[in-house]
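Here are my notes for your reading, written so that each point can be checked by eye. Please keep the model open beside them.

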Amino acid sequence: FPVTISIPQMNKIGLWVVKTETSFSAAASVTADGVFTADFTSYVLRLRYTTSTTGSVSFKLRASGTSASTNYNYQSINGNGASVAASGSTAQTSANIGILTNGSFFSSATVDLYGPQLAEATTYTSTNMNSQGAYTAPINYYIAGNHSTATAYDGIEILVGSGTMTGVYSIYGYNE
């Protein structure tokens, strides 16, 4: 007699491109609108950059083309050689995701964003590898934070604290 076996359909888990790799040069900020949708709950921003001055790199969430400039909170820890330092900031105008590069040395950041398109607080983590003086002396920088305003956002602005930045970025949605 025939036997029927039912196999449940497996969900595909992975990253889906929502913003292809985009280059920028000598920019104070770059924006990507319409990237956060109901298709995904979590996103990842991948950034490779260098800055013209000793400023930090951060982001602001955007709704309908307007950047939100209040209620960013974060805690950071960094390792520089044998030294470790921690700091925290509340009620900031942007969310810190990386530290300066000051010139010729590229750095990178991977930022996980949780729920930016939901009408609730958005949380994030950033892992930043920084090369501010030489590639032989990398600095590890880890940041965890949130944007405490309960608003749904559809975009992001990446900006530098002072001067300009040059590099590439891309954004992916987590298919879970």
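The points below deal with the model itself, then an open sheet, one strand and one loop residue.

1. This is a predicted model, in which local features need pLDDT of at least 70 and side-chain atom pairs count only at pLDDT 80 or more, while totals for chains, interfaces and linings use all residues. Residues are numbered from 1 along each chain as its sequence is written, and side-chain values use heavy atoms, with hydrogens and water left out.

2. An open sheet of eight strands follows the order β1-β13-β3-β9-β10-β11-β6-β7 with antiparallel pairing, where strands are DSSP runs of E with at least two residues, numbered from the N terminus, and two strands pair if DSSP finds at least two bridges between them. Its edge strands are β1 (14–27) and β7 (83–92), each of which pairs on one side only.

3. Within this order, β10 and β11 are joined in the antiparallel sense by ten bridges, and Tyr-124 has Gly-145 in β11 as its bridge partner.

4. Strand β12 (residues 155–160) has six of its six residues buried, that is, under 20% relative accessible area with a 1.4 Å probe and protein chains only. Gly-155, Glu-157 and Leu-159 point one way, and Ile-156, Ile-158 and Val-160 the other way.

5. Strand β12 pairs antiparallel with β2 (residues 29–32) over four bridges, and with β4 (residues 57–63) over six bridges. Val-30 is partnered by Ile-158, and Arg-62 stands opposite Gly-155.

6. Gly-133 lies in the loop between β10 (120–130) and β11 (139–151). Gly-133 counts as exposed because its relative accessibility is 52%, the cut-off being over 50%.
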